[in-house]
Amino acid sequence: MSKIREYEGPGIVIRYDVLRCIHAAECVDGLRAVFDPDRRPWVDATAASADEIATTVARCPSGALHFARTDGGEDESAPAEGVIRVEANGPLYVRGQLAITDDQGRVVCTDSRVALCRCGASENKPFCDNSHRRVGFEG
């Protein structure tokens, strides 16, 4: 499931999946001129260079943010080796060439970065939606 918004700036298009964002704030902490949650719209793709935006977007652990270069710059790529990081009391952050399948073996998502639910309470399974905070998940 997704709900995508696009923001275009010189040399880059930022894609934001509202339903995958868990407010890890890597974007806000990394480039507040572009990603400002107190502004509407909260993304201003004209406020930094395409290179700066690409570097910041690539740090998004949930895959809610992605970019496409329109200036010939290097596109996003998945790491050569998969990595899983357990967030204390939170999701599994996974990076790599990912294909998420359902219980019938159907691919529901292909991506290079995801935050997967560990608490079982997400309403956007298999993705984390921060329900772990609401239910007091410890793990």
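Searching the whole structure, a predicted model, turns up 9 salt bridges. Let's work through some of them.

**Exercise 1.** Find which residues are linked with Arg32 in a network of salt bridges.

*Solution.*
- Start with Asp36: its side chain meets that of Arg32 in a salt bridge, with an N to O distance of 3.6 Å.
- Now take Asp38: its side chain and that of Arg32 also meet in a salt bridge, at 3.2 Å from N to O.
- Check both against the cut-off: a salt bridge needs the nitrogen within 4 Å of the carboxyl oxygen.
- Put the pieces together: Arg32, Asp36 and Asp38 are linked in a network of salt bridges.

**Exercise 2.** Sort the residues of that network into buried, partly exposed and exposed.

*Solution.*
- You need two cut-offs here: buried is under 20% relative accessible area, and exposed is over 50%.
- Asp36 has a relative accessible area of 18%, so call Asp36 buried.
- Arg32 comes out at 42%, so Arg32 is partly exposed.
- Asp38 has 68%, so Asp38 goes down as exposed.

**Exercise 3.** Work out which residue forms a salt bridge with Asp71, and how far apart the closest N and O atoms are.

*Solution.*
- The partner is Arg69, and the closest N and O atoms of the pair are 2.9 Å apart.
- Why look at that distance? Because side chains of opposite charge can pair when their charged atoms come close.
- Next, check accessibility: Asp71 has 42% relative accessibility and counts as partly exposed.
- Arg69, at 14% relative accessibility, counts as buried.

Key: Residues numbered from 1 in each chain as written. Predicted model: local features only at pLDDT ≥ 70, side-chain atom pairs only at ≥ 80, totals over all residues. Heavy atoms only, no water. Buried < 20%, exposed > 50% of the residue type's maximum accessible area, 1.4 Å probe, protein only.
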